[in-house]
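Trainee: I'm new to reading protein models. Could we go through one together, question by question?

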Amino acid sequence: MNFELTKEQQMIKEMVREFAEKEIAPNAAKWDEEAYFSIEIFKKMGELGLLGIPFPEEYGGAGGDTISYAVAVEEIGRACGGTGLSYAAAVSLGASPIYYFGTEEQKQKWLVPMAKGEALGAFGLTEPNAGSDAGGTRTRAVLDGDEYVINGEKCWITNAGHARQVIVTAVTGKDDKDKNIISAFIVPTNAPGFTIQCNYDKMGVRASNTCELVLENVRVPKENILGDPAKGFKQFLYTLDGGRISIAALAVGIAQAAFEKALQYAKERKQFGQSISKFQAIQFKLADMAMEIELARSMVYKAAWLKDQGKPFTKEASFAKLFASEAGFRICNQAIQIHGGYGYMKEYGVERHLRDIKLMEIGEGTSEIQRLVIARQLGC
Amino acid sequence: MNICVLIKRTFDTEEKIILTDGIIQEEGAEFIINPYDEYAIEEAIQIRDEQGGEVTAVMAGNEDGEKELRTALAMGADKAVLINLEEDVEDGDQWTTAKVLSTYLEGKNYDLILAGNVAIDGGSGQVGPRVAELLGIPYVTAITKLEIDGRKVKIERDVEGDVEVIEASLPLLVTAQQGLNEPRYPSLPGIMKAKRKPLEQLELDDLDLEEDDVEPKTKVLEIFLPPKKEAGKILKGELEDQAKELVSLLRSEANII
């Protein structure tokens, strides 16, 4: 048992922190205000190899582990929740499924440019009537000669507006129990009939790009099917397990930023003749915040470690995601409380953290779904 | 081009200095590569990329310095040398460091040695020049531009805000001033590759040095923090009265006039 980051993980943490503090944090308030997705920052992150951390060198990645990746997500999220979300989605949802399930050819064609940071990818699972309830998927793909013809709608798809391709889930038939068979397809965003609109006005994570997809008779070659045609559902469950670690790491990063602001403010703000950090009412809040962050981070590292060891991590990823997001929400809320009226003002930059972290309790499976996942893992 | 960069591990610039019984507490503090040394590393890498050759990063310190040397390797240095003084040297000063480094460098035939202009902790700015003196090679401090053409070197150095242009020849030691370049972030592939790059660990013994050879020539008598900044004073009243009061305060209170 060793609770220390390795030298490489430590170096990655320092590099990403320095990069995020210099290049991302100074813009975070503006990007939030203007709902601006910075493609420039993603180019820079690509050049530094951040978009390829968990992929092997042969596929253009850095050959790092999941812990290093989680550390990077936390540091970027600490600077800007929206940028952190787009980063986590690019790696965990855009690139990872192709690494896990793609053929060698698909990896060379689609994964390598993403790992090198030359292209972004997106993952189109959620629909107006289907997300965690995959059975409700309405998007359909029908084989026509050597091509699949896809029709349907997807919503809230992160990064699609800047993606080279989207992995789209679609119903391809029924199994013998009359349940929908879901497959995944790699769909180039420039395919005719593929419309992408990014007009959502979000509460938080506004620096991330979120889009609505409409597929009208979009034709993709048969070889663009990703992984096992009959196991699209299982595949995306595995993808989401990995994604949950990154959402948990992102929640830790956002909470850490809120905590740091609250701690500093509490030390500086004087009331009744002393710093408010001398009052137990404030001290107890700060103590709880620091404790919950540390617990959440430990769980993130454990889930990431299990994944790196090739051990089952579904339950632990849900533990991490559920606890980090709910604790993170409490922390961001208390950070505003400690700031009092100032915290309610945009100028102090703490209200953004609460708006940003709210998504962590919703995206990649709501808190309620996480509890279902955990209960199922317990054998209920 | 055979290039060597001298590196120091220092307190993070954001770290708060805490004194206990006159000793600076290092426990729990974050450490970084001395920022001026980062300019030196960056310059060395750029020269190597243009002209070929090899960059070696050298540190006299303790085993914790491995992290900073690995960072230099991750930025792009080819190999690193850590001279671990922990066991042999209890107190050291600029002489100690310069003696250790120059003994290591003796006979290694480096064309160019780069160091930071000063370290942000001790701030003496002496180690670079001392190493050059001990090696018997010329040195130029606080450089902001470096052009190498064959064995000829054209340098711009910062002189209190003015620029001095100097011609020199290799072998040469230079110390890097802010403005020389913009140090790169170590990239992810760089960090992963740094693991596999050679990092040699040496002790005084390996350099045929005795503890007496590197005994400090100076003695620290006292370490203290700068006095707390007093709250400012805002003068009130008519402009003329304010000016008068200001002059009298500068005379009587601040003792400036």
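Trainee: Is Arg352(A) buried or exposed?
Mentor: Good place to begin, and keep in mind that this is a predicted model. A residue counts as buried under 20% relative accessible area. Arg352(A) has a relative accessible area of 8%, so Arg352(A) is buried.

Trainee: Which residue forms a salt bridge with Arg352(A)?
Mentor: Side chains of opposite charge can pair when their charged atoms come close. In helix 10 of chain A, two residues sit four residues apart and are therefore separated by about one helical turn: Arg352(A) and Asp356(A). Asp356(A) is at 2% relative accessibility, so it counts as buried. With the closest N and O atoms 3.9 Å apart, the partner of Arg352(A) is Asp356(A).

Trainee: Which residue meets Glu351(A) in a salt bridge?
Mentor: Look in helix 10 (residues 351-358) of chain A, where Glu351(A) and Arg355(A) are four residues apart, so about one helical turn separates them. Glu351(A) is buried at a relative accessible area of 13%, and Arg355(A) is buried at 15%. The N to O distance is 2.8 Å, and the residue that meets Glu351(A) is Arg355(A).

Trainee: How many residues apart are Asp144(A) and Arg219(A)?
Mentor: These two form a salt bridge, with their closest N and O atoms 2.4 Å apart. Asp144(A) lies in strand 2 (residues 140-144) of chain A and Arg219(A) in strand 7 (residues 210-221), so the pair links distant parts of the chain. Asp144(A) is partly exposed at 40% relative accessibility, and Arg219(A) is partly exposed at 37%. Along the chain, their separation is 75 residues.

Trainee: How many salt bridges does the structure hold over all chains?
Mentor: Some of the residues are linked in a network of salt bridges, among them Lys13(A), Glu21(A) and Glu260(A). Over all chains, the number of salt bridges is 37.

Trainee: Let's turn to the surface. Which residue of the positive patch is in the loop between strand 2 (9-11) and strand 3 (19-20) of chain B?
Mentor: The patch of positive charge gathers Lys267(A), Lys278(A), Lys16(B) and Lys228(B). One of them has a relative accessible area of 69%, so it is exposed: Lys16(B). The residue in that loop is Lys16(B).

Trainee: And how much accessible area does the nonpolar patch have together?
Mentor: Its members are Ile17(B), Ile24(B), Val220(B), Ile223(B) and Leu225(B). Val220(B) is found in the loop between strand 13 (199-202) and helix 6 (239-252) of chain B, and is exposed with a relative accessible area of 64%. Together the patch has about 400 Å².

Trainee: What is the phi of Asp21(B) near?
Mentor: Most residues other than glycine have a negative phi. Asp21(B), in the loop between strand 3 and strand 4 (23-24) of chain B, has a positive value instead. Asp21(B) is exposed, at 76% relative accessibility. Its phi is near 50°.

Trainee: Is the peptide bond from Leu170(B) to Pro171(B) cis or trans?
Mentor: Most peptide bonds are trans. Pro171(B) is found in the loop between strand 11 (162-169) and strand 12 (172-176) of chain B. The bond leading to Pro171(B) has omega near -5°, and it is cis.

Trainee: Last one: what pLDDT does chain B average?
Mentor: For the model, the scores are ipTM 0.81 and pTM 0.88. In chain B, 100% of the residues score at least 70. The average pLDDT of chain B is 92.

Definitions and conventions: Residues are numbered from 1 along each chain as its sequence is written. Chains are lettered from A and ligands numbered from 1 in the order in which they are written. This is a predicted model: local features need pLDDT of at least 70, side-chain atom pairs count only at pLDDT 80 or more; totals for chains, interfaces and linings use all residues. Side-chain values use heavy atoms; hydrogens and water are left out. Patches are made of residues with over 30% relative accessible area and no salt bridge: like charges are joined within 9 Å, nonpolar side chains (Val, Leu, Ile, Met, Phe, Trp, Tyr) within 5 Å. Accessible areas come from the Shrake-Rupley method with a 1.4 Å probe; for residues, only the protein chains shown count as cover. A salt bridge is a side-chain nitrogen of Lys or Arg within 4 Å of a carboxyl oxygen of Asp or Glu. Lys and Arg count as positive and Asp and Glu as negative; His and the chain ends are not counted. The place of a charge is taken as NZ of Lys, CZ of Arg, CG of Asp or CD of Glu. Buried means under 20% relative accessible area, exposed over 50%, partly exposed in between (1.4 Å probe, protein chains only). pLDDT is the predictor's confidence in each residue, from 0 to 100.
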